[in-house]
Amino acid sequence: YFVENGSLFKRTLAADATNNSATTSCPPNLATTECPADKELLKNVTSFDVKYFNEQNDEVIPTEARSIELTVGLAKNQYNQPVTATYTTRMVFRND
């Protein structure tokens, strides 16, 4: 996941493995039938933050994490008024 020009994108990096149905994606300007465009998930993104936590709720590096917290900030002018929102969600990894 990455932010570029105010949009949040998802890029897929497919492993080179037998019977892998995933396909690596590419920037939209480089997309082809073999390399589809990255997926645009959100527009008007002002911030995107990822944090990882262990079972004691301490922030840790990704390989030591039990859960992940995502925060996204959005802003847009609508009817000459600024509209902002921040969303945060936390998920616990499956099988943990």
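**Exercise 1. The largest pocket**

Task: Determine how much space lies in the largest pocket, and which residues and elements line this pocket.

Solution.
Step 1. The space in the largest pocket amounts to about 200 Å³. The model examined here is a predicted one.
Step 2. The lining of this pocket consists of Tyr1, Leu8, Phe48, Val50, Tyr52, Ile68, Leu70, Thr71, Val72, Tyr87, Thr88 and Thr89.
Step 3. Two or more lining residues are given by each of strand E4 (45–53), strand E5 (67–78) and strand E6 (81–92). The largest share, 4 residues, comes from E5.
Step 4. Sorted by class, the lining holds 9 nonpolar and 3 polar residues, and no charged residues.

**Exercise 2. The chain as a whole**

Task: State how many helices and strands the chain has, and decide whether the chain is a compact globule or more spread out than one.

Solution.
Step 1. The chain contains 0 helices and 6 strands. Read from the N terminus, the order of elements is β-β-β-β-β-β.
Step 2. For 96 residues the globule rule gives 12 Å, whereas the radius of gyration of the chain is 17 Å, well over that value; the chain is therefore more spread out than a compact globule.
Step 3. The extent of the C-alpha trace along its principal axes is about 55 × 45 × 15 Å.
Step 4. Among the 96 residues of the chain, 20% count as buried.
Step 5. Of the contacts with a separation of 6 or more, 37% are between residues 24 or more positions apart.

**Exercise 3. The salt bridges**

Task: Find how many salt bridges the structure holds, and describe the residues of each pair and where they lie.

Solution.
Step 1. There are 2 salt bridges in the structure.
Step 2. One of them joins the side chains of arginine 11 and aspartate 38, with an N to O distance of 2.6 Å. Both arginine 11 and aspartate 38 belong to the loop between strand E2 (7–10) and strand E3 (39–42), and the two residues are 27 residues apart.
Step 3. The accessibility of each partner follows from its relative accessible area. Aspartate 38 has 6%, which is under the 20% limit, so aspartate 38 is buried. Arginine 11 has 34%, which falls between 20% and 50%, so arginine 11 is partly exposed.
Step 4. Another salt bridge is formed by glutamate 69 and arginine 90, whose closest N and O atoms are 3.2 Å apart. Because glutamate 69 lies in strand E5 and arginine 90 in strand E6, this pair ties together parts that are 21 residues apart in sequence.
Step 5. Glutamate 69 counts as buried at 17% relative accessibility, while arginine 90 counts as partly exposed at 37%.

**Exercise 4. Two residues with positive phi**

Task: For asparagine 57 and asparagine 80, give the value of phi and the place in the chain, and classify each as buried, partly exposed or exposed.

Solution.
Step 1. Most residues other than glycine have a negative phi.
Step 2. Asparagine 57 has a positive phi, near 70 degrees. This asparagine is located in the loop between E4 and E5.
Step 3. Asparagine 80 also has a positive phi, near 60 degrees. Its place is the loop between E5 and E6.
Step 4. The relative accessibility of asparagine 57 is 46%, so asparagine 57 counts as partly exposed. For asparagine 80 the value is 75%, which is over 50%, so asparagine 80 counts as exposed.

**Exercise 5. Two strand residues and their contacts**

Task: Identify the strands that hold serine 7 and leucine 41, and list what each residue touches beyond four places in sequence.

Solution.
Step 1. Serine 7 belongs to strand E2. With a relative accessible area of 8%, serine 7 is buried.
Step 2. When neighbours within four places in sequence are left aside, serine 7 contacts Phe2, Glu40, Leu42, Lys43 and Val45.
Step 3. Leucine 41 belongs to strand E3. Its relative accessibility is 42%, so leucine 41 counts as partly exposed.
Step 4. Residues up to four places away being excluded, leucine 41 touches Tyr1, Leu8, Phe9 and Lys10.
Step 5. Leucine 41 and valine 92 are 51 residues apart along the chain, and a distance of 22 Å separates their C-alpha atoms.

Conventions. Residues are numbered from 1 along each chain as its sequence is written. This is a predicted model: local features need pLDDT of at least 70, side-chain atom pairs count only at pLDDT 80 or more; totals for chains, interfaces and linings use all residues. Side-chain values use heavy atoms; hydrogens and water are left out. On a 1 Å grid over the protein atoms alone, a cavity is a set of points where a 1.4 Å probe fits but cannot get out, and a pocket is an open set with protein on both sides within 12 Å along at least five of seven lines; lining residues have an atom within 4 Å of a point. Grid points are joined across faces, edges and corners, and a volume is the space filled by probe spheres set on the points. Ala, Val, Leu, Ile, Met, Phe, Trp, Tyr, Cys and Pro count as nonpolar, Asp, Glu, Lys and Arg as charged, and the others, Gly among them, as polar. A salt bridge is a side-chain nitrogen of Lys or Arg within 4 Å of a carboxyl oxygen of Asp or Glu. Buried means under 20% relative accessible area, exposed over 50%, partly exposed in between (1.4 Å probe, protein chains only). The radius of gyration is taken over C-alpha atoms; the globule rule is 2.2 Å times the number of residues to the power 0.38. Contact means heavy atoms within 4.5 Å.
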